[in-house]
Structures are given as C-alpha cells and as structure tokens.
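Visitor: Please take a close look at the aromatic side chains here, and set out how the rings and their surroundings are arranged.

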Amino acid sequence: MKRFLSGITPSGDGSLHIGNYLGAVRQFIELARANECFLMVADLHALTTIQDKKQLSHNIETLVLNELALLRGFLTEEEFKKIIFFRQSDVAEHTELQSILNNVTPLGLIKRAHAYKDKLQGEVSEEDVNMGLFCYPILMAADILLYKPDLVPVGKDQKQHVEITRDIAGRFNKIYKNNVFKLPEPYIPEEVAAVLGTDGKRKMSKSLGNVISIFEDEEIIRKQVMSTYTDPTRVHATDSGHIEGNMVFAYLDFFGESGKVDELKEAYRKGQVTDVEVKNYLYDSLMKTFVPARKVYEELKANPQKVKKILENGAEKTRAVASQTMQEVREAIGLTNAYSLSNASGYLTIDEFSRVEMRVGKVIEATNKEGSDKLIRLVVDFGPDFAKASSGEGSTRIIFTGVREFGYQPSDFLNKQFFFVTNLAPRRMMGEESQGMILAVDSGSEKKPIFISADEMPIGARVW
Ligand code: TYM
C-alpha cells in the first residue's frame, strides 16, 4: 500500500470540469481502492487570484461538494471512507512549514516556476505579481512534504511544482543533515497528462472558458458539448471526417462504450454520421457516466452537516500526521530546546483545546454498572443535530462515570442535563465502551466532584 496526496484549488467558480476529472480525480478514485489517499481542497492557494470574500467562500463550498460527489459517486461507502479528505486551511501546519521552507528555497528556483512566468507573459508586470502567487510552489511543497507521500497524482501542468518540491526537500535534508522529508514522485498517466479544451487548442481550463462541466445544469453541459471543436475541414455531413484532433472523439475515448465509439469513428470517416449525432452520443455518455455523482451532489448539498462531518474527520486525521512532521522539523532545525513548550510540559495548545467537543446532553437512562463498585452507566441523548453530524451513529451515547465512591447514585443523573465531552476515543470499561466523558468540577477542600447542571440549555448545544 502506498501513500498518495493531491490537491485541487477552488479557482474560477470552484466547479470541476472533465479535464480535472480525467487529469486528477479519476486517478484518485482508482488509487483509493487499494492505497492510502489524502485529498485536499487547496483553499489557501486560491487567495493568489481570488480576493473577494463572498466568491472565495462560494468557491470552496462548490469544490468541496464537487469533489465529494465524484468520490462518493464512483466509490462504495467502504472505499470512500478510506480517503482522507480535508481543507488545507483547517491544518495550520501548512503555512507554518511554508515559512520554514522559504528559508531553504533559492529565489532562482522560484523565478523559474511556470505559474509565475506565465503571469508575466500576460498583462501583469513583475511589480504587480503578489507574493502569494510568487511563493505558491513553496506552499505546495509544504502541502506535500507534511504528509510524506510516495506519489503525487497531478496533471502535466503541475509536474514542475512536484519537481520543485523534491528540490526543496533535498535541500532541507542536506542543510540539516537528516532525512525528515521524503522526496515525492509525480504520478501522471500519459493519456490524461493534459486534456485539451473544447477549442481543441489549449489545456481545458476554467479561465479559458473551454470546459465541459460535470455538475452544471443539463442545458449548459449540452451547449458546451455542442460547441466542441470537431473537424473544420468537413463542410457537409457526407464529407469524410477526421478523427485525429477531433475533440468529440478524444472525449468519447474516455466516456463512450468502445464498440460504439469504433462504429461511430468508422461512420465519421466515411461521411455517414453528422457532427450533431456524434455530439449527442457524447452528451448521453457524459450524463450516464456522471449520473451517480450528480445524484450524490444534490444529496450532499441538502445535508451540510454530513459534509462538515467528513471535513472534521479529515482535519483530525491530517492534523495528527502534520503535527508529527512539524515536531520532526522543529527538532531538525533547532527550534526544540530546553525552553520549548511541548506536550511534555502538560499544557495543551489553544488549537488542541479547540478540538475538544463539549455538548449539552440529557441522561435518559442511569444504572449502576454490574460488577463494579464505582461506575455508573449513563445513556445520554444529544439530540437530532448531533445524530445528523455523527453519520448514522444516532443521537445517544453510553458514558460511564466512576463516582459511586463519592455517594452519587443513578437517580442523581436520571432525566437531568449536564456537559459532556463527545469526541473522545471510546474506552473499554467492564466489557463495554464508554463513548465520552461527563464534565465535573472539583468541590475544593472535599475531593467530591460536582456536576454542573445544564438543565436550562438546549440538548446537543456545543460549548464554544
Ligand atoms: P488545479 O486546481 O489547477 O488542478 C487540479 C488538478 O487537475 C489537473 N488538471 C488537468 N489535468 C489534465 N488536463 C487538464 N486540462 C487539467 N486541468 C487541471 C491539475 O494538474 C491538478 O492535478 N497547485 C495545484 C493544487 C495543489 C496541489 C497541492 C496538487 C495544491 N497543493 C499538493 C498536488 C499536491 C493546482 O492549482 O491544481
């Protein structure tokens, strides 16, 4: 099993086109079946071009939905659950590592990056290029190196960035005489390295307006298909037509049924089929391919809690990996020393603390746990919002508290509301899992814990 990592930027309007699907997402779907895959919504990267608050937040939402719909539409629930899907800005270590990598990255290396050079080819002068765009390959290097992936699936346009990443990682390892970073390899299947747009000339790209969308209204997709470049030398449908360079056939090679596509190619060469007929077949094939994903898209759009839960899980898993790498980086460069505040000091950082989820719960059952002289077993209800957020696990949790020795009895809890921590890893107690923790305060001189009533508060409310 190998580790893969990739990202997509919520640029343009945030929506995905078939170039992104063929060049990136499709590989990911195949790889996810048998490998460990991290997939990121690279929202910080979008800041290089999008500086409108509303547009950025809209684009991020659109891309999250588009990606999840494709992944879930093509994978089984089990396969989908294995993918670690997250937002770059949910993991602060990306920018922290970028700051450190800035110092081992020579200016010349970044000046040679296409993203920056392409901008200078356009109407923008060097003076006006923002530093985010200029330094974008360093942020991308941080995105990759934090997770030590074996391979980075991307289209050809991103190959140089993976090479720059290798360069930066090699320099870091050399300067600090260690092997903290693994040098990643790009993973670029030749046939989809650069999918051309509907104009047949340039790479399919939102900014060039030569895309075929996946989740747009059917009428828009039909128009995009109908305007696709075919064979300009063919004046009448009865003229013999060319397949090479004909974008409709280029797309059909991926989306059509091969027998039917061969028949159509033959007929096209002989002038026995019209452009419109071939385009209609492409449209139908696209719709057929993306029906499951388009359905999931609608479902997810109507269920933001479910989307949030997926992102929460992703952030939790990625933070664990990213913070481990950052610890190694800090040690390697000399930031860790006798005065470092670390977990060994017993302190939690604000960031760590903010990950503790505390909610108001109502005790609907309370009993002494059989076989124990300490434990009271509580069944706690956290209400419908919690049930929605916990993907099918329902609204109740079993939570133990070991307070009988202080004179507490089940009736002290039954039908009352308290504060609970709801996102702890379950712990086995007397043959049963405790799925959280009730909060208590020390009573001062006597050691007896006191439970703070939350009776007046809405069930399931989160403590911020
Ligand atoms: P982005 O958002 O421009 O593109 C996302 C992915 O789609 C591929 N792609 C294409 N492949 C073939 N043909 C096309 N016409 C086509 N258009 C887009 C891109 O190559 C890419 O794989 N900087 C990256 C996002 C990123 C990233 C990362 C990727 C940020 N951090 C870490 C990998 C690893 C970008 O802007 O891709």
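Guide: Y176 counts as partly exposed because its relative accessibility is 31%, which falls between buried (under 20%) and exposed (over 50%; 1.4 Å probe, protein chains only). The model is predicted, so local features need pLDDT of at least 70 and side-chain atom pairs 80 or more, while totals for chains, interfaces and linings use all residues. Residues are numbered from 1 along each chain as its sequence is written, and side-chain values use heavy atoms, leaving out hydrogens and water.

Rings of Phe, Tyr and Trp (its six-membered ring) pair when their centres lie within 6.5 Å, with planes under 30 degrees apart called stacked, over 60 edge-to-face and the rest tilted; by this rule the count comes to 20 aromatic pairs. One of them joins Y176 to F172, and this pair is tilted because the two planes stand at 50°, with the ring centres 4.9 Å apart. Unlike the partly exposed Y176, its partner F172 counts as buried, because the relative accessibility of F172 is 0%.

F249 and Y268 give an edge-to-face pair, in which the planes meet at 70° and the distance from centre to centre is 5.1 Å. This pair links distant parts of the chain, since F249 belongs to helix α12 (residues 247-255) and Y268 to helix α13 (residues 258-269), with their positions 19 residues apart; helices here are DSSP runs (H or I, at least four residues), numbered from the N terminus. F249 is buried, because its relative accessible area is 2%, and Y268 is buried as well, because the value for Y268 is 1%.

Y268 also has a charged neighbour, for R234 lies over the face of the Y268 ring at 4.0 Å from the ring centre, where the rule asks that NZ of Lys or CZ of Arg be within 6 Å of that centre and within 35 degrees of the ring normal. A second arrangement of this kind involves R462, whose charged end sits over the ring of W464, 4.5 Å from its centre.

Beyond these pairs, Y21, F74, F255 and F290 are linked by ring pairs into a cluster. Another aromatic residue to inspect is Y136, which is buried in helix α9 together with P137, I138, L139, M140, A141, A142, D143, I144 and L145. Because 10 of the 10 residues of α9 (residues 136-145) are buried, this helix is largely enclosed by the rest of the structure.

Note on methods: Helices (H or I, at least four residues) and strands (E, at least two) are DSSP runs, numbered from the N terminus.
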